[in-house]
Amino acid sequence: MAKNYTTADIKSLREETGAGMLDVKKALDEANGDHDEALKIIRLKGLKSISKREDRSASAGLVLAHIADVDGSQVGVMVEVNSETDFVAKNQKFIDFANEVLEAAVESGATNAEELLAAKAEEGTVKDKVDAIAAVIGEKIEVSRMARVEAPKVTKYMHYSNPDLPPQVGVLVGTDDAAEQIAHDVAMHIAAYQPDYLSESDVPAEDLEKERQTLTELTINEGKPEKIVPKIVEGRMKSFYKDHCLLDQDYAKDPKHTVGQIVEQAGGEVKSFVRFHVGA
């Protein structure tokens, strides 16, 4: 049977849906070349198979962020939207969808992914839009994380790990006015050095206790005199803080100083930060 569609028709439908070539060709065959009917077939087949994709991993994707002025300060919002493959992650339809998710996050005031999925988006919710695009694309799609940072000044840094893909690492840094001048460099530092906490006081007490117990056992097993074990452990805790706390880390641009010292020299304060790495 002669095909009632062209290579251009296949390309157009793939760009519109993000679906694989084989799925697009099958849909066009079934629709006798009718674009709209083929689009409907792709969507319906996708909806039926959503439950089958639940156990699959969506570890590709992108990170997007937006900063707005609100009542004399700033609010930064960041989202991570995931797909199964890089092929979909760089598809314009997926990127447009991710921007719609970011817009919903900004407008809804949601503070986490669960609230965002329940937020209104056009005639339904963000979750409805996730299911709709997953049906068309044929991959598992997730809105895995979102965060809000509020401060007098908020700075963002988006890192492209691969020039062919959208941003894979995103950072928001909240500062006072004085620290804004170094905030971009601090954000780049956060992207590279991956701190978990802002300062020592932000580390959960249970995490500190667990680390001290581990270091105590390690020090005792090394045969150190019992009376000096606590002092050695506290010395080693400094390495823990340097690994995990932003203000204790050696500053990427000037390793002779800590980030905290650089911020202090600027006469400012880093109030909070958040870092997303796609799939991590």
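**Burial, salt bridges and helix packing: the grounds for each term**

Colleague: Why is Glu 122 called exposed?

Modeller: The relative accessibility of Glu 122 is 59%. Exposed means over 50% relative accessible area, buried under 20% and partly exposed in between (1.4 Å probe, protein chains only). Glu 122 therefore counts as exposed.

Colleague: On what kind of model do these statements rest?

Modeller: The model is predicted, so local features need pLDDT of at least 70 and side-chain atom pairs count only at pLDDT 80 or more, while totals for chains, interfaces and linings use all residues. Residues are numbered from 1 along each chain as its sequence is written, and side-chain values use heavy atoms, with hydrogens and water left out.

Colleague: Where is Glu 122 found, and what is notable about its phi?

Modeller: Glu 122 is found in the loop between β3 (120–121) and β4 (124–125); strands here are DSSP runs of E, at least two residues, and helices runs of H or I, at least four, numbered from the N terminus. Its phi is near 55 degrees, a positive value in a residue other than glycine. Gln 194 likewise has a positive phi near 55 degrees, and its place is in the loop between α8 (180–193) and α9. At 44% relative accessibility, Gln 194 counts as partly exposed.

Colleague: How do you know that Lys 129 and Glu 122 form a salt bridge?

Modeller: The closest N and O atoms of Lys 129 and Glu 122 are 3.5 Å apart. A salt bridge is a side-chain nitrogen of Lys or Arg within 4 Å of a carboxyl oxygen of Asp or Glu, and the pair therefore qualifies. Lys 129 counts as buried at 19% relative accessibility, whereas Glu 122 counts as exposed. Glu 100, Glu 122 and Lys 129 are linked in a network of salt bridges.

Colleague: How many salt bridges does a search of the whole structure find, and what makes Glu 80 and Arg 145 one of them?

Modeller: The search finds 10 salt bridges. Between Glu 80 and Arg 145, the closest N and O atoms are 2.5 Å apart. Glu 80 lies in strand β2 and Arg 145 in strand β5 (residues 142–151), so this pair ties together parts that are 65 residues apart in sequence.

Colleague: Are the two partners, Glu 80 and Arg 145, buried, exposed or in between?

Modeller: Glu 80 has a relative accessible area of 2% and is therefore buried. Arg 145, with 25%, is partly exposed.

Colleague: What surrounds Glu 80 within strand β2 (residues 73–83)?

Modeller: Contact means heavy atoms within 4.5 Å. Leaving aside neighbours within four places in sequence, Glu 80 is in contact with residues including Leu 62, Val 63, Glu 142, Arg 145, Phe 276 and Gly 279. The side chain of Glu 80 also reaches the backbone nitrogen of Gly 279 at 3.0 Å.

Colleague: What makes Asp 131 and Lys 127 a salt bridge, and how are the two residues placed?

Modeller: Their side chains meet at 3.0 Å, N to O. Both residues lie in helix α7 (residues 126–137), 4 residues apart, about one turn of the helix. Asp 131 counts as partly exposed at 21% relative accessibility, as does Lys 127 at 38%.

Colleague: Why is Val 136 called buried?

Modeller: Val 136, in helix α7, has a relative accessibility of 4% and therefore counts as buried. Val 136 and Ile 42 are 94 residues apart in sequence and 5.8 Å apart in space, C-alpha to C-alpha.

Colleague: What makes Phe 97 a buried residue, and which residues does Phe 97 touch?

Modeller: Phe 97 lies in helix α5 (residues 92–108) and counts as buried because its relative accessibility is 4%. Not counting residues up to four places away in sequence, Phe 97 touches Val 81, Lys 129, Val 130, Ile 133 and Ile 141.

Colleague: Why is α9 called oblique to α10?

Modeller: The axes of helix α9 (residues 205–221) and helix α10 (residues 229–244) come within 9 Å and cross at roughly 125 degrees. That angle makes α9 oblique to α10: angles under 35 degrees count as roughly parallel, over 145 as roughly antiparallel, 65 to 115 as roughly perpendicular and the rest as oblique. The axes are lines fitted to C-alpha atoms over the stretch in contact, with angles from 0 to 180 degrees between N-to-C directions.

Colleague: Which residues make the contact between α9 and α10?

Modeller: Among them are Leu 208, Leu 215 and Ile 220 of α9 and Val 229, Met 237 and Tyr 241 of α10.

Notes: A polar contact is a pair of N or O atoms within 3.5 Å; within protein, one must be able to donate a hydrogen and the other to accept it, and residues adjacent in sequence count only if both atoms are side-chain atoms.
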